[in-house]
Amino acid sequence: MVKRIEHLGIAVESIEDALPMFETLFSSECYKEEVVESEGVKTAFIQVGESKIELLEATNSDSAIAKYLEKNRGGFHHVAFEVDDLDEELVRLSKEGFRLIHQTPKDGADNKRIAFLHPKSTKGLLVELCQEKTLDSI
Ligand code: ZN
């Protein structure tokens, strides 16, 4: 079951350059920066009310963020929904005919297990599903 919008992912050329503006915009300081090596991204999180903004910077030219920025200006990249059981949701969505980028959950930033759906099956919207890591999901 989907519980809420966990965060919005925003692609930027440079976190160092973009972060001060977003911190001022939301009057909230970045609480965590983290590199996700497997995805080729550096992330920075800002709490915004009950949700978060995740800034994404490419760490290499093969990164999905680098490819995104070749075709698009920086800005909105993906929406992440928190689910109560990620494995169950992936099975359900797969049965419903959604294309999954990740067939099984992988480690994401900010203590999450994550999986992305392919935008071709979601009308162009890049959707991330995430679940907080707990002792029994590790
Ligand atoms: Zn995300």
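The largest pocket in this predicted model has 31 residues in its lining, and Ala64, Ile65, His77, Phe116 and Leu126 are the ones nearest its centre. Its volume comes to about 560 Å³. By character, the lining splits into 13 nonpolar, 8 polar and 10 charged residues.

Quite a few elements chip in here. Strand 1 (2-11), strand 3 (41-48), strand 4 (51-58), helix 2 (64-71), strand 5 (75-83), strand 6 (106-107) and strand 7 (112-117) each put at least two residues into the lining of the largest pocket. Helix 2 is the top contributor, with 5 residues.

Now for the metal. Which protein atoms hold the zinc ion? The donors are His7 (NE2), Glu54 (OE), His78 (NE2) and Glu128 (OE), and they sit 2.0 to 2.1 Å from the zinc ion. Along the chain, these donor residues follow the spacing H-x46-E-x23-H-x49-E. One pair among them ties together distant parts of the chain: glutamate 54 comes from strand 4 and histidine 78 from strand 5, 24 residues apart.

What about the geometry of the zinc site? The 4 donor atoms make angles of 85 to 172 degrees, and the site is classed as irregular. For a tetrahedral label, all angles would have to lie between 85 and 135 degrees, so the 172 degrees at the upper end of the range rules that label out.

How accessible are some of the residues mentioned here, along with two more worth a look? The table puts four side by side.

| Residue | Relative accessible area | Class |
|---|---|---|
| Glutamate 54 | 6% | buried |
| Histidine 78 | 2% | buried |
| Serine 63 | 2% | buried |
| Glutamate 23 | 23% | partly exposed |

The cut-off for buried is under 20% relative accessible area, so glutamate 23, at 23%, counts as partly exposed. Serine 63, on the other hand, is buried because its relative accessibility is 2%.

Serine 63 belongs to the loop between strand 4 and helix 2. Leaving aside residues up to four places away in sequence, serine 63 is in contact with Glu39, Gly40, Val41 and Ala58.

Glutamate 23 is part of helix 1 (residues 15-26). With residues up to four places away in sequence again set aside, glutamate 23 touches Ser28, Glu29, Cys30 and Ile46. If you want a ruler across the model, take glutamate 23 and alanine 115: they are 92 residues apart in sequence, and their C-alpha atoms are 27 Å apart in space.

Notes
Residues numbered from 1 in each chain as written. Predicted model: local features only at pLDDT ≥ 70, side-chain atom pairs only at ≥ 80, totals over all residues. Heavy atoms only, no water. Helix = DSSP H or I, 4+ residues; strand = E, 2+ residues; numbered from the N terminus. Buried < 20%, exposed > 50% of the residue type's maximum accessible area, 1.4 Å probe, protein only. Contact = heavy atoms within 4.5 Å. 1 Å grid on protein atoms, 1.4 Å probe; cavity = no way out; pocket = protein on both sides within 12 Å on 5 of 7 lines; lining within 4 Å. Points joined across faces, edges and corners; volume = space filled by probe spheres on them. Nonpolar A, V, L, I, M, F, W, Y, C, P; charged D, E, K, R; others polar. Donors = N, O, S within 2.8 Å, 3.2 Å for Na, K, Ca; no water. Tetrahedral: all angles 85-135°; square planar, octahedral: opposite > 155°, others 65-115°.
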